[in-house]
Amino acid sequence: MRIPVRFAPLLFGALLSAIMVSLVSAFVLLVNQGLRPDFLGTWARSCATTWPVAFLAVTLVAPRVRRVVARMTA
């Protein structure tokens, strides 16, 4: 099954934000609380609550950042 190309920006935003939220929330939890028995559950809740915010931020901000980078590098 292939996803149509027109959805590429949304898929990019979804994957990038999911990876970043997973990594950053795991790091912050480990630093602040250590590796506790409930780490995985806490981490999963953290990811589930913060991913929508990160997805919207990446999706809405990425086009502007691309334009700024294009101006800075052209």
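**Close-up views of a two-helix chain**

**View 1. Phe12 sits in helix H1**. This is a predicted model. Phe12 is partly exposed, with a relative accessible area of 43%. That value lies between the 20% limit for buried and the 50% limit for exposed. Cys47 follows 35 residues along the chain from Phe12, and the two C-alpha atoms are separated by 18 Å.

**View 2. Ser25 is a buried residue of helix H1**. Helix H1 covers residues 8–33, and Ser25 lies within it. The relative accessible area of Ser25 is 8%. Buried means under 20%, so Ser25 qualifies. What does the side chain of Ser25 reach at 2.6 Å? The partner is the backbone oxygen of Val21. Val21 is itself among the buried residues of H1.

**View 3. Ser25 touches residues far along the sequence from its own helical turn.** Leaving aside residues up to four places away in sequence, Ser25 touches Trp43, Ser46 and Cys47. Helix H2 spans 39–73, and the buried residues of H1 pack against it.**View 4. The buried residues of H1 pack against helix H2**. Which residues of H1 are buried? They are Gly13, Ser17, Val21, Ser25, Ala26 and Leu29. Their packing partner is H2, residues 39–73.

**View 5. Helix H1 has the length expected for its residue count**. H1 holds 26 residues. At 1.5 Å a residue, these should span 38 Å. The end C-alpha atoms are 37 Å apart, so the two values agree. Just after H1 comes Gly34, with a positive phi of about 75 degrees.

**View 6. The whole chain has 2 helices and 0 strands**. Why is the chain called more spread out than a compact globule? Its radius of gyration is 16 Å, whereas the globule rule gives 11 Å for 74 residues, so the chain is well over that value. Along the principal axes, the C-alpha atoms fill a box of roughly 50 × 35 × 15 Å.

**View 7. Contacts and surface of the chain.** Among contacts with a separation of 6 or more, 59% join residues 24 or more positions apart. Buried residues make up 16% of the 74 residues. The exposed area is about 5,900 Å². Carbon and sulfur atoms supply 75% of that area.

Conventions
Residues numbered from 1 in each chain as written. Predicted model: local features only at pLDDT ≥ 70, side-chain atom pairs only at ≥ 80, totals over all residues. Heavy atoms only, no water. Buried < 20%, exposed > 50% of the residue type's maximum accessible area, 1.4 Å probe, protein only. Polar contact = N/O pair within 3.5 Å; in protein donor to acceptor, adjacent residues only side chain to side chain. Contact = heavy atoms within 4.5 Å. Rg over C-alpha atoms; globule rule 2.2 N^0.38 Å. Areas by Shrake-Rupley, 256 points an atom, 1.4 Å probe, with all protein chains shown as cover. Expected span 1.5 Å × (residues − 1).
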